[in-house]
Amino acid sequence: MIEKQKMAKHLTHDRIDRAVYIASTIGVGKEIIRAYNEKKDSYSCLTDTGVMIIRDPKGVIITMYIASMNQAIAMTNNQLSKTLRNIIKRNEKEGHLTEQNSKKFF
């Protein structure tokens, strides 16, 4: 079942191509790790497909992107499972980190 999610204008206008790329290639996935960022008053959420979702305190999705290994390690204090490490490595190897910011759909 697909859940309805509130999204910030930044995602729906400025980053819509990246969101479509993610959805049409690796999929957004299910959030498995969530960490609060005091400096930005936001939550970083890592999914089982290696996507980082940034949410405001009310749960609104501000942005999303395919995480690099360094971003995922920093977010989890180097506590990534072997499975998630392999998924992120595959995303990097397949060029998704570069492609997510260069594909245009709209």
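This is a short talk about a few helix, strand and side-chain details in one protein structure.

Hi everyone. Before we start, keep in mind that what you see above is a predicted model.

Let's begin with helix α3, which runs over residues 69-76. Which of its residues are buried? They are Met-69, Ala-72, Met-75 and Thr-76. These four sit on the same side of α3, because they cover an arc of only 135 degrees around the axis. If you're new to helices, here's the background: an α-helix has 3.6 residues a turn, so residues three or four places apart point the same way. Flip to the other side of α3 and you find Asn-70 and Ala-74, both exposed.

So what does the buried side pack against? Three strands and a helix, namely β1 (31-37), β2 (42-47), β3 (51-55) and α4 (82-93). And just after α3 comes Asn-77, with a positive phi of about 55 degrees.

Okay, on to salt bridges. How many turn up in a search of the whole structure? Three. Let's take Glu-31 as our starting point. The side chain of Glu-31 meets that of Arg-34 at 2.9 Å, N to O. Glu-31 also pairs with Arg-55, and there the closest N and O atoms are 2.8 Å apart. That second pair links distant parts of the chain, since Arg-55 is in strand β3 and Glu-31 is in strand β1, 24 residues apart. Put together, Glu-31, Arg-34 and Arg-55 are linked in a network of salt bridges.

Are those residues buried or exposed? Arg-55 has a relative accessible area of 8%, so Arg-55 is buried. Glu-31, at 25%, counts as partly exposed, and Arg-34 is partly exposed too, with 48%. Then there's the bridge between Lys-103 and Glu-99, at 3.4 Å, N to O. Lys-103 counts as partly exposed at 37%, and Glu-99 is partly exposed at 29%.

Arg-34 has another thing going on. Its charged end sits over the ring of Tyr-43, 5.5 Å from the centre of that ring. Now, Tyr-43 has an aromatic partner as well. A search of the whole structure finds one aromatic pair: Tyr-36 with Tyr-43, tilted, 5.0 Å centre to centre and 55 degrees between the planes. Tyr-36 is partly exposed at 41%, and Tyr-43 counts as partly exposed at 25%.

Next up, Thr-47, which you'll find in strand β2. With 0% relative accessibility, Thr-47 counts as buried. A polar atom of the Thr-47 side chain lies 2.7 Å from the backbone oxygen of Val-28. Leaving aside neighbours within four places in sequence, Thr-47 is in contact with several residues, including Glu-31, Ile-53 and Leu-84. There's our Glu-31 again!

Last stop, Ile-26. Where is it? In the loop between α2 (16-24) and β1. Even in that loop, Ile-26 is buried, with a relative accessible area of 18%, because buried here means under 20%. Not counting residues up to four places away in sequence, Ile-26 touches Thr-49, Val-51, Ile-66, Asn-91 and His-96. Compare that with Lys-9: Ile-26 and Lys-9 are 17 residues apart in sequence and 23 Å apart in space, C-alpha to C-alpha.

That's my tour. Thanks for listening!

Note on methods:
Residues are numbered from 1 along each chain as its sequence is written. This is a predicted model: local features need pLDDT of at least 70, side-chain atom pairs count only at pLDDT 80 or more; totals for chains, interfaces and linings use all residues. Side-chain values use heavy atoms; hydrogens and water are left out. Buried means under 20% relative accessible area, exposed over 50%, partly exposed in between (1.4 Å probe, protein chains only). Helices (H or I, at least four residues) and strands (E, at least two) are DSSP runs, numbered from the N terminus. The arc is that of the directions from the helix axis to the C-beta atoms. Contact means heavy atoms within 4.5 Å. Rings of Phe, Tyr and Trp (its six-membered ring) pair if their centres lie within 6.5 Å; planes under 30 degrees apart count as stacked, over 60 as edge-to-face and the rest as tilted. A charge sits over a ring if NZ of Lys or CZ of Arg is within 6 Å of the ring centre and within 35 degrees of the ring normal. A polar contact is a pair of N or O atoms within 3.5 Å; within protein, one must be able to donate a hydrogen and the other to accept it, and residues adjacent in sequence count only if both atoms are side-chain atoms. A salt bridge is a side-chain nitrogen of Lys or Arg within 4 Å of a carboxyl oxygen of Asp or Glu.
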